[in-house]
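These are my notebook entries on a few local features that I looked up. I set them down in the order in which I took them.

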Amino acid sequence: MNAVKAEENLYDLAVVGGGPAGLTAALYMARAKYRVLVLEKAEIGGQITITAEIVNYPGVVKTSGKELTENMRRQAENFGAEFAAAEVLAMELTGDIKILRTTKGEYRALGVILATGANPRKLGFKGEREFQGRGVAYCATCDGEFFSGLHVFVIGGGFAAVEEGIFLTKYAKKVTIVVRKNEFSCAKMVSDQLENYGNIEVLFETELLEVGGQDIVTYARFRNNRTQKEWVHEAGDDPGFGVFVFAGYVPNTDWIGPEVKKDAHGYLLTDHDQKTNLDGVYAAGDVCVKNLRQVVTAVSDGAAAAASLEKVVSELHAKLGIPELVSERKVQQPEKAELSGKAESSVKAELSGKAESSVKTELSGKAETAAKTELPGKAETAAKTELSGKTGSPAAAENSGDGFLSSQVREQLQGVFAKFSQPVLLKAWLNEEPLSGEITGFLRELEGMSDKLTWKKAEAGESAEGRILPSIELCYPDGRSSGIQFHGVPGGHEFNSFVIALYNVAGPGQEIQQEIKEQIEKLDRPVNLKVLVSLSCTMCPDTVMAAQKAAAVSEYVEAEMFDLAHFPKLKEKYKVMSVPCMILNDEKVFFGKKGIGDLAAILSENGN
């Protein structure tokens, strides 16, 4: 067999999935000097990022899911692992060189580790789909605040149900955990914690049958599985109540072909080394058949898979004539920018299809957000964005003299702004509310960072009729609107969305599949998209970025981001009890995370 040319775009390992299992595998292989690529379609960290508190990870007294996985990502990147925000659409896994076709193009690798995790299971009770976002929720961290002072039901008897039930006591006046069986399925020491909370009630041998109401959930029907007696809970004097579903997960394997063996439930079958039935293809984490699904077991799987695969890859080097240390070949490797000797962090900003980097956003000690920053030809590392005030209120940082952005973030963003093809004009539509002052301070600081950014207040002669104020409107140099607006200071998880929006307006902008682009370009009438978010929501940025990209592609699309902390009237008007929430033309309401493909389909169905 002819030797594989060293300059070909070939990785030793492609990891599909950026959760704890995938990150650990990437860390081990990158540390062993192999060239590693991690492909993640959503957010680095996986499902654990929505967990507010982790206290059972060995050696770590207390942390959050976001913080723990951010440290894992940082370690892997420090050893040379590369990251791409891309969805794998198809794979060829039977040859020595595996081929992965993604939304960012084709990648090739000697070995593949499937660490795609699992998604929250929907139970299928009557009204579940109809009331998602209006009482039915799946993320306590994202949506718990919407149920402040109300009664909430937690459906499930495992670790997640107990953990999220405890978390919800921060907001709810009462939490009722509904367990289908006669005992919890998690460790007793975990469920014993419930005794410390006087506002938590547990109903065993009980099943949720139905939810209903006018606009939000106001009644739910339950059944006692032992006596078969049914009963109804009604909201009474409260406007409604919440139903949080934590009833296990479904493996994310529907897209994986039959050549990789699965069990009857769709979980991947592996041996003790995490090898699947295919040579060079391994699996790790929640996607595998296993008795315990925890971060610690996912990490173990990732380490075992990498250690076993390392030998396989080394043998393939000799067989295919590839230099032993692939990571040291003269290929187009991303340059790593050092931040005063400190490790980089992660903000998911896709800016072009090349190697990504990161920016960590810290909001008053809260868990970090994620967004990879992809820049043309060069990996940009990110810096910490420290907004010392409360989430969504960085004015306190300005008053402290530190400004909205730390010196490290300013330094890194200047590199991003230098790559803009043209300047961006930021127009401030202000009113008398305190938020206008925060927006002004934020824009003043940004303007001073680059000659590619300027801002001005909307002039007295410009009509604000029909606009919701205050807002930041992104405009082209000649003053034309891009159709993108941020209603509020884009802190928290939305800072990365704002950076990407700037890049889309300045050009060359995020890459987009030609088919999706053409779908959006077919729009022939105005479409307004309002995306309602919470700055603490880890799923909101994807929907915001998809709406913004659609606006950048089509002159008919207007995309507005609203921080609901400052716009409670919108919450009331659309009966929003979950984020992200997207409103199409002030009429149709969509809940849940939406990618650009999902949005293109919605626009095709509703926009013409």
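I listed the buried residues of helix 9 in this predicted model. They are Leu435, Ser436, Glu438, Ile439, Thr440, Gly441, Phe442, Leu443, Glu445 and Leu446. Ten of the 14 residues are thus buried, so helix 9 is largely enclosed by the rest of the structure.

I then checked the span of helix 9, which covers residues 434–447. From its first C-alpha to its last it reaches 21 Å, close to the 20 Å expected at 1.5 Å a residue.

Next I turned to a helix pair. How are helix 11 and helix 14 oriented to each other? I found that helix 11 (residues 514–521) packs against helix 14 (residues 596–606) at an angle of about 30°, and that their axes are 9 Å apart. Because angles under 35 degrees count as roughly parallel, I entered helix 11 and helix 14 as roughly parallel to each other. The crossing of helix 11 past helix 14 is left-handed.

I noted which residues make this contact: helix 11 contributes Ile516, Gln519 and Ile520, and helix 14 contributes Ile596, Gly597, Ala600, Ala601 and Ser604. Sorted by class, the contact has five nonpolar and three polar residues, with no charged ones.

My last entry concerns Glu587. I located Glu587 in the loop that lies between strand 28 (581–584) and strand 29 (588–591). Is Glu587 buried or exposed? Its relative accessibility is 65%, so Glu587 counts as exposed. I also looked up its separation from Asn528: the two residues are 59 residues apart in sequence, and their C-alpha atoms are 10.0 Å apart in space.

How values were computed. Residues are numbered from 1 along each chain as its sequence is written. This is a predicted model: local features need pLDDT of at least 70, side-chain atom pairs count only at pLDDT 80 or more; totals for chains, interfaces and linings use all residues. Side-chain values use heavy atoms; hydrogens and water are left out. Helices (H or I, at least four residues) and strands (E, at least two) are DSSP runs, numbered from the N terminus. The expected span of a helix is 1.5 Å times one less than its number of residues. Buried means under 20% relative accessible area, exposed over 50%, partly exposed in between (1.4 Å probe, protein chains only). Axes are lines fitted to C-alpha atoms, for helices over the stretch in contact, and angles run from 0 to 180 degrees between N-to-C directions. Angles under 35 degrees count as roughly parallel, over 145 as roughly antiparallel, 65 to 115 as roughly perpendicular and the rest as oblique. A crossing is left-handed if the near helix is turned anticlockwise from the far one by less than a right angle, and right-handed if clockwise. Contact means heavy atoms within 4.5 Å. Ala, Val, Leu, Ile, Met, Phe, Trp, Tyr, Cys and Pro count as nonpolar, Asp, Glu, Lys and Arg as charged, and the others, Gly among them, as polar.
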